[in-house]
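Me: Let's go through this one together, a question at a time. Please give me the cut-offs as they come up.

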Amino acid sequence: TQVAVVYFSGTGTTARVASGVCAGVAGTDVAVLDAPIVGSDIVEGRWRNDDISGQLDNCAGIIFGSPTYMGSTSAQLKAFFDAMAPRWYTQAWRNKVAAGFSASALPAGDKSTTFIAMTTFAMQMGMIWCGSGAATGREGSNPLGFYLGAGIAAADPETVTEADLNLARHLGKRVAELCLRLDAAS
């Protein structure tokens, strides 16, 4: 069983959160595919990486990450979503687990609309969305109270807190454990 973490990070903040998500997955019996979206994958405005696409097809779950830019996902993550249209036609990702995380400088920062964009994409792909499942304030988890995904307020990588990383690890572990349960049930 493998879970992928697909994300774009413009300043390194989202990448730092992604490392926590990956650590949460890796702390289970599930393999993790760390799949950052990089500039060379964007060709003529479209995301293209056949190697990563093929690996994603074999994953039980995919966790999406993006900074919240101007109230939505980054253009780079949206380019990735748009490039997955052939998989939508065939519903190749149907019943894979999906989740998301986002970072922005402000506590709210309109991250909810970023999560809605991610959730909408996952629903169109026939995926099963998994929210953060973290209680607000308990043991430092979910300090901002986002439930659609892991919402982080950090202006730069150095301001990502241990509570933020705990939430990121929690999300990765939650998705991995759900994938294992679904695999066992099938």
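Me: How many aromatic pairs does the count come to?
Reply: Ground rules first: this is a predicted model, so local features need pLDDT of at least 70 and side-chain atom pairs count only at pLDDT 80 or more, while totals for chains, interfaces and linings use all residues. Residues are numbered from 1 along each chain as its sequence is written, and side-chain values use heavy atoms, with hydrogens and water left out. Rings of Phe, Tyr and Trp (its six-membered ring) pair if their centres lie within 6.5 Å; planes under 30 degrees apart are stacked, over 60 edge-to-face, and the rest tilted. By that rule, the number of aromatic pairs is 11.

Me: Take Phe-64 and Phe-80: what kind of pair are they?
Reply: Phe-64 sits in strand β5 and Phe-80 in helix α3, 16 residues apart, so this pair links distant parts of the chain (helices, H or I, need at least four residues and strands, E, at least two; both are DSSP runs numbered from the N terminus). Their ring centres are 6.3 Å apart with the planes at 50°, so the pair is tilted.

Me: And what is the angle between the planes of Phe-80 and Phe-81?
Reply: These two rings also make an aromatic pair, with 6.1 Å from centre to centre. The pair counts as tilted, and the angle between the planes is 55°.

Me: Is Phe-80 buried or exposed?
Reply: The cut-offs are under 20% relative accessible area for buried, over 50% for exposed and partly exposed in between, with a 1.4 Å probe and protein chains only. Phe-81 has a relative accessible area of 6%, so Phe-81 is buried. Phe-80 has 0% relative accessibility, so Phe-80 counts as buried.

Me: Which residues do the ring pairs link into a cluster?
Reply: Phe-64 and Phe-80, both buried, belong to it. The full list of the cluster is Trp-47, Phe-64, Phe-80, Phe-81, Trp-93 and Phe-121.

Me: Which element gives the most to the largest nonpolar core?
Reply: A nonpolar core here is a set of buried Ala, Val, Leu, Ile, Met, Phe, Trp, Tyr and Cys residues joined through side-chain atoms within 4.5 Å. The largest one has 29 residues, and those touching the most other members are Val-3, Val-5, Ile-63, Phe-101, Leu-171 and Val-175. Two or more residues come from each of β1, α1, β6 (97-104), β8 (150-153) and α6 (162-185). With 8 residues, the top contributor is α6.

Me: How many residues are in the other core, apart from that one?
Reply: Ile-63, from the largest core, has contacts (heavy atoms within 4.5 Å) beyond four places in sequence that include Val-3, Val-21, Phe-101 and Val-175. Apart from that core lies another, with Ile-37, Leu-56, Ala-83 and Phe-121 among its members. Its residue count is 28.

Me: Why do the buried residues of α2 line one face of the helix?
Reply: Helix α2 spans residues 50-57, and its buried residues are Ile-52, Ser-53 and Leu-56. Seen down the axis, they line one face because the arc they fall within (taken from the directions from the helix axis to the C-beta atoms) is 100°.

Me: Which exposed residues does the face of α2 turned away from the buried side carry?
Reply: The buried residues of α2 are covered by elements including β1 (2-7), β2 (31-36), β5 (61-67) and α3 (75-83). On the face turned away from that buried side, the exposed residues are Asp-50 and Asp-51.

Me: How many salt bridges does a search of the whole structure find?
Reply: The rule asks for a side-chain nitrogen of Lys or Arg within 4 Å of a carboxyl oxygen of Asp or Glu. One of them joins Glu-162 and Arg-169, at 2.5 Å from N to O. Another joins Glu-177 and Lys-173, with the closest N and O atoms 3.9 Å apart. The whole-structure count is 4.

Me: Which residue forms a salt bridge with Lys-78?
Reply: Lys-78 counts as partly exposed because its relative accessibility is 42%. Its partner lies in helix α3 too, 4 residues apart, about one turn of the helix. The closest N and O atoms are 2.5 Å apart, and the partner is Asp-82.
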